[in-house]
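Trainee: Could you give me a close look at one part of this structure, and then show me how that part sits in the rest of the chain? I would like to follow the contacts step by step.

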Amino acid sequence: MSEQVRRYTGLIDRYRDRLPLDPAVPAVSLGEGGTPLIRLHNLVKDLGRDVALYVKYEGLNPTGSFKDRGMTVAVTRAVEEGSRAVICASTGNTSAAAAAYAARAGLTAFVIIPDGKIALGKLAQAVMHGAVVLQIKGNFDVGMRLVKEVAADAPVTVVNSVNPYRLQGQKTAAFEIVEELGRAPDFHCLPVGNAGNITAHWIGYSELWARKGAAATEACAFCGGECRFTGEPQISTRPRMLGYQAAGSAPFLRGAMVDEPETVATAIRIGHPQSWTQAWKVAEESGGRFAEFPDEELLAVQKRLAAREGVFCEPASAASLAGALRDIKSGYIPEGSTVVCTLTGHGLKDPDIAIEQCKGAIIDVDGEREAVKQAILERLA
Ligand code: AN7
């Protein structure tokens, strides 16, 4: 058996025919993609509604977030183009992924992060992978502007989602979902920051979709003609795309950019989304919409998911599930629906928030047998 058959070697090897990469170019990969689609039985039972509710656990990618899908393609392409360095602004996960893939490829990674506003695990990743970490007094949006300005006349490749190869990699999550369900879900729920991921998923579904009267090779409106998929259509319907934001950081709900975004979900503390126009188009074409949540509700859903289903995501990721649960309850998502929520990042990314939420849960006991036994029996009573 060839190595390829026995081992999963990442999404470029899996989907190269649908990606804008030359067949001969070796993939810079850490085995990203192939994440589990987990059906939630307990939370659905709690709701008392008949829906098939799944989470796509993107926190199980190599650096713990969906960013790896885009980074493998963007860095592979950067190497092919002879680049020696990559740069990004980040709320944390992009910097972790850029640092790791750059390390693997032997490139220098420059990452610009908002001072004091990225989760501990993400910062640990960036420094451990040897990125040059530039901490600024300013938020993600300021960092993003600086990246664009600097990259205009410096020999560095921007690996934020304005790099079209990022979205091309991220679209593969939609391919995996369709392969597992044998169809597209009726609703796909995602947290929205820069709105790159919701756009990437729509590209993915649209490439698999049987467009009446359109050639399969027709370039989609989102990728600047980068789509290469010419296979047979695989789905007859596409999902409604539902995008969820944190209330203090919700430009799509305000209908305008937000200059001072604030949320405990630092991953989506973004007021000037880079894929603004595309995401409006996604909502319109798919028949979806945007909605928002206060921080407390994001944290409550993060905790409920962990406690009831054994799945640990970071606060920003909980926005997708919070949205699905609310929309199922209200009837906006009708009974009989198949719903997928993307859990964008792993809960371990942000240990501070998790511990903070569960402080009272830790019981101090004397280190001897009777005390421990007593504590256990009390809780089984
Ligand atoms: C866990 O890392 O923008 O709407 O710089 O880390 O595609 O921006 C992170 C975004 C959702 C939002 N969930 O995705 C960054 C960054 C998590 C994230 C989002 C992010 P987009």
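Mentor: Happily, and let us begin with a term: two residues are in contact when heavy atoms of one lie within 4.5 Å of heavy atoms of the other. This is a predicted model, so local features are taken only at pLDDT of at least 70 and side-chain atom pairs only at pLDDT 80 or more, while totals for chains, interfaces and linings use all residues. Residues are numbered from 1 along each chain as its sequence is written, and side-chain values use heavy atoms, with hydrogens and water left out.

Our starting point is C88, which belongs to strand β3, residues 85–89. Helices and strands here are DSSP runs numbered from the N terminus (H or I over at least four residues for helices, E over at least two for strands). C88 is buried, with a relative accessible area of 0%; buried means under 20%, exposed means over 50%, and partly exposed lies in between, using a 1.4 Å probe and protein chains only. Once residues up to four places away in sequence are set aside, C88 touches T94, S95, A98, F110, V111, I112, V147, V159 and N160. One of these partners, F110, is 22 residues from C88 in sequence, yet their C-alpha atoms are 6.6 Å apart.

Two of those partners lead us to the next element. T94 and A98 are touched by C88, and both also take part in the contact that helix α5 makes with helix α4. Helix α4 covers residues 67–80 and helix α5 residues 93–105; the two pack at an angle of about 40 degrees, with their axes 9 Å apart. Each axis is a line fitted to C-alpha atoms over the stretch in contact, and the angle, from 0 to 180 degrees, is taken between N-to-C directions. That angle makes α4 oblique to α5, since under 35 degrees counts as roughly parallel, over 145 as roughly antiparallel, 65 to 115 as roughly perpendicular, and the rest as oblique. The crossing of α4 over α5 is right-handed, meaning that the near helix is turned clockwise from the far one by less than a right angle, whereas anticlockwise would be left-handed.

On the α4 side, the contact uses K67, D68, M71, T72, V75 and V79, and on the α5 side N93, T94, A97, A98, Y101 and A105. Sorted by class, that gives 7 nonpolar, 3 polar and 2 charged residues. Here Ala, Val, Leu, Ile, Met, Phe, Trp, Tyr, Cys and Pro count as nonpolar, Asp, Glu, Lys and Arg as charged, and the others, Gly among them, as polar.

Each helix has another residue worth a look. In α5 there is A102, which counts as buried at 0% relative accessibility. Beyond its neighbours within four places in sequence, A102 is in contact with V86, L107, T108 and A109. For a sense of distance across the fold, A102 and G255 are 153 residues apart in sequence and 36 Å apart in space, C-alpha to C-alpha.

In α4 there is G70, also buried, with a relative accessible area of 0%. Leaving out neighbours within four places, G70 meets Y165, R166, G169 and Q170. G70 also lies 8.0 Å from S161, C-alpha to C-alpha, although 91 residues separate them in sequence.

Now for the whole chain. The protein has 16 helices and 10 strands, and 56% of its 381 residues count as buried. Of the contacts between residues at least 6 apart in sequence, 72% join residues at least 24 apart. The C-alpha atoms fill a box of roughly 65 × 55 × 50 Å along the principal axes. The radius of gyration is 21 Å, which agrees with the value near 21 Å for a compact globule of 381 residues; it is taken over C-alpha atoms, and the globule rule is 2.2 Å times the number of residues to the power 0.38.

For a contrast in helix packing, turn to helix α13 (residues 295–309) and helix α14 (residues 318–330), whose axes come within 9 Å and cross at roughly 90 degrees. These two are therefore roughly perpendicular to each other. Their contact brings E297, L298, V301, Q302, R304 and L305 of α13 against A318, A319, L321, A322, L325 and R326 of α14, with 8 nonpolar, 1 polar and 3 charged residues by class.
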